[in-house]
Amino acid sequence: MIVPALEHLGYVPQSPALYDGLSVEDHLDFAVQLRPGFDRSAARTRLDQLGIPRGTGARSLSGGQQAQVALALALGTRAPILLLDEPLASLDPLARREFLHVLADAVRADGATALLSSHIVTDVEQFCDRLVVLGVGRVLLHERVTAALQRHHITPGAVNGAVSTFAAADGAPNSLVVGVGQRPATLEEVVLGYLAAGRVAPKVAA
Amino acid sequence: MTAALTWARLSYRQQRWELILAAIGVGIVAAVMLFFANELRGLQAAGPDCVGLFDYPPSCEAIATRFAETSDTAQRLLLLSFAAPFGMGVILGAPLVAREIEGGTVQLAWTLGRSRVGWLLRRITFVALVTVALLAVLALSSELLAAALAPDRSLGEDFLWSGRRGWLIVARGVGALGVGILVGAVVGRVLPAILGAALIMALGFTAISMGQDAVLRNEVEPQRVAMGNASGGVDPGALVIDFGLELPGGEVVTWQEAQERGLIAAVIDEEGRQFASAADMRAGRVLGYDIQLTIPGSQYLPVAAREAGVVTGLGLVALVGTALVVSRRRPA
């Protein structure tokens, strides 16, 4: 059932489309009307801390500020699960960092679970507990970030039994292996390795 | 109250220009209608015996001419009140949901809210109320203008300018608004929705008119037409559905049916009797009586109320359809 599930979800889309002509405060009013129990005061506090003027037209804000408004609206629902669909994709590094700090603080304070979809692996490494790599329509890897970093290593060249072999930044082949290798893999290399595995052998689950 | 104001503000800001355009348009048309109604009433007061008559004394020439000229222009205004409900359905209805889908704001609304249908109902309310209010102004002013145009007729029992005056305009507006909203929700883009809604409304209106014509054909009453009488001896407020012949045996046939039977009238006398030829006329062999198949003027209110019920119901059905579309549609 969709409706009961929605009660437990907060959502931030990739490109938060706020209402043209409505101020940020109007958006909070709107959220209060749509979502019984919406925590307007928490959302206000969050926006004020970020210096986002609540009387300003929402569409005249910068992309980062609009994303923060969308996040404040999602967090204001007090939903136990937050879905964030690539909200960082169009943000500059500073806006991204601020967004993730706000998210992490709120999640810690509320005890909520955030499911963050992102292509920016460094952000995932710094802010997420668990990593899920999706490819070819399947889950290719699902484990704690710390475990993924401990378990995977890189060995130059092609290696039998490796998760996959993929081109490193300098173009040389690197193999992602589970267990002992030449050096520990970075999280980006773990993700690259599983994505490459998914492309080469889509039938083989990691 | 706060909730209503929030939704009104949202709706107004989402469709500011369309609402302003509709309000200004209706305001101007209503004001011009009332001006003309006042002009016509003034002329009628200046010469009560000079208007609404075919023959008037020479002293009435100036007033009668002025009344006729003013009437010509005023009757064109009534065409606007015919078009207004469809126009408002297109410009206010079609973008209502389409703009939210196109602009992506439904993602925000649909994920914040627990019920998309609840969102839809609250989102529609303000625009629907404005539409009804504006069309009510137009309905009233068009009725006043029609009354001034035809001071000698009782318009509550008269099909004259039916659909261009009175509360039927409001009902058609509700129907058109519902259809416009549905098309917008299905199409999901503003411009194609506007074009699509205009096309569908034109086709829908044609279909309803044909349906109504078919229904009314079962309810017609034949009225003999006497050529010697200025009004033809028929109810001037009646709605003429067709023309035909009343055969000597009492059977009523339309002209088309008469032609199919080979009953071709060539001569008619002042009493409306039709003859196949001059020789038949001299011999007294009557083919039939000239008749009009009409809905009497006394049936105006029931017929208008029935159409109002149908188009309002159509609008409500369209809104139910919109609710289904909105419930199942992906937000982008």
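Reply: A salt bridge is a side-chain nitrogen of Lys or Arg within 4 Å of a carboxyl oxygen of Asp or Glu. In this predicted model, a network of such bridges links A:E25, A:D26, A:D29, A:R40, A:R44, A:D48, A:R54, B:R9 and B:R13.

Me: How many salt bridges does the structure hold over all chains?

Reply: The count over all chains is 29. First, the ground rules. Residues are numbered from 1 along each chain as its sequence is written, and chains are lettered from A and ligands numbered from 1 in the order in which they are written. Local features need pLDDT of at least 70, side-chain atom pairs count only at pLDDT 80 or more, totals for chains, interfaces and linings use all residues, and side-chain values use heavy atoms, with hydrogens and water left out.

Me: Which residue forms a salt bridge with A:D110?

Reply: A:R78 does, with the closest N and O atoms 2.8 Å apart. Helices (H or I, at least four residues) and strands (E, at least two) are DSSP runs, numbered from the N terminus. A:D110 lies in helix α5 (residues 93-110) of chain A, and A:R78 in the loop between α4 (63-76) and β2 (81-85) of chain A. The two are 32 residues apart, so the pair links distant parts of the chain.

Me: How far apart in sequence are B:R217 and B:D213?

Reply: Four residues, within helix α7 (residues 190-217) of chain B, so about one helical turn separates B:R217 and B:D213. Their closest N and O atoms are 3.4 Å apart in a salt bridge.

Me: Are the partners B:E271 and B:R273 exposed or partly exposed?

Reply: Buried means under 20% relative accessible area, exposed over 50%, partly exposed in between (1.4 Å probe, protein chains only). B:E271 is exposed at 53%, while B:R273 is partly exposed at 27%. Their side chains meet in a salt bridge at 3.9 Å, N to O. For the earlier pair, A:D110 is partly exposed at 32%, and so is A:R78 at 42%.

Me: Now the interior. Which residues have the most contacts inside the largest nonpolar core?

Reply: A nonpolar core is a set of buried Ala, Val, Leu, Ile, Met, Phe, Trp, Tyr and Cys residues joined through side-chain atoms within 4.5 Å. The largest one has 66 residues, and those with the most contacts inside it are A:Y19, A:F30, A:V69, A:L73, B:V97, B:W119 and B:L145. Helix α5 (residues 116-149) of chain B gives the largest share of this core, 12 residues. A second, separate core has 36 residues, including A:L71, A:F99, A:A106 and A:V107.

Me: What is B:L145 in contact with?

Reply: Contact means heavy atoms within 4.5 Å. Leaving aside neighbours within four places in sequence, B:L145 touches B:M33, B:F36, B:A37, B:L40, B:A74, B:L77 and B:L78.

Me: What is the mean pLDDT of chain A?

Reply: pLDDT is the predictor's confidence in each residue, from 0 to 100. Chain A has a mean of 88, and 95% of its residues reach 70 or more. Among the elements of chain A, helix α1 (residues 2-6) has the lowest mean, 66, and helix α7 (residues 145-151) the highest, 94.

Me: Where in chain A does pLDDT stay under 50?

Reply: Over residues 202-206, for which the model has eight contacts beyond four places in sequence. Where pLDDT is low, predicted coordinates should not be read in detail.

Me: How many helices and strands does chain A have?

Reply: Eight helices and nine strands. Its C-alpha trace spans about 60 × 40 × 25 Å along its principal axes. Buried residues make up 45% of the 206 in chain A.
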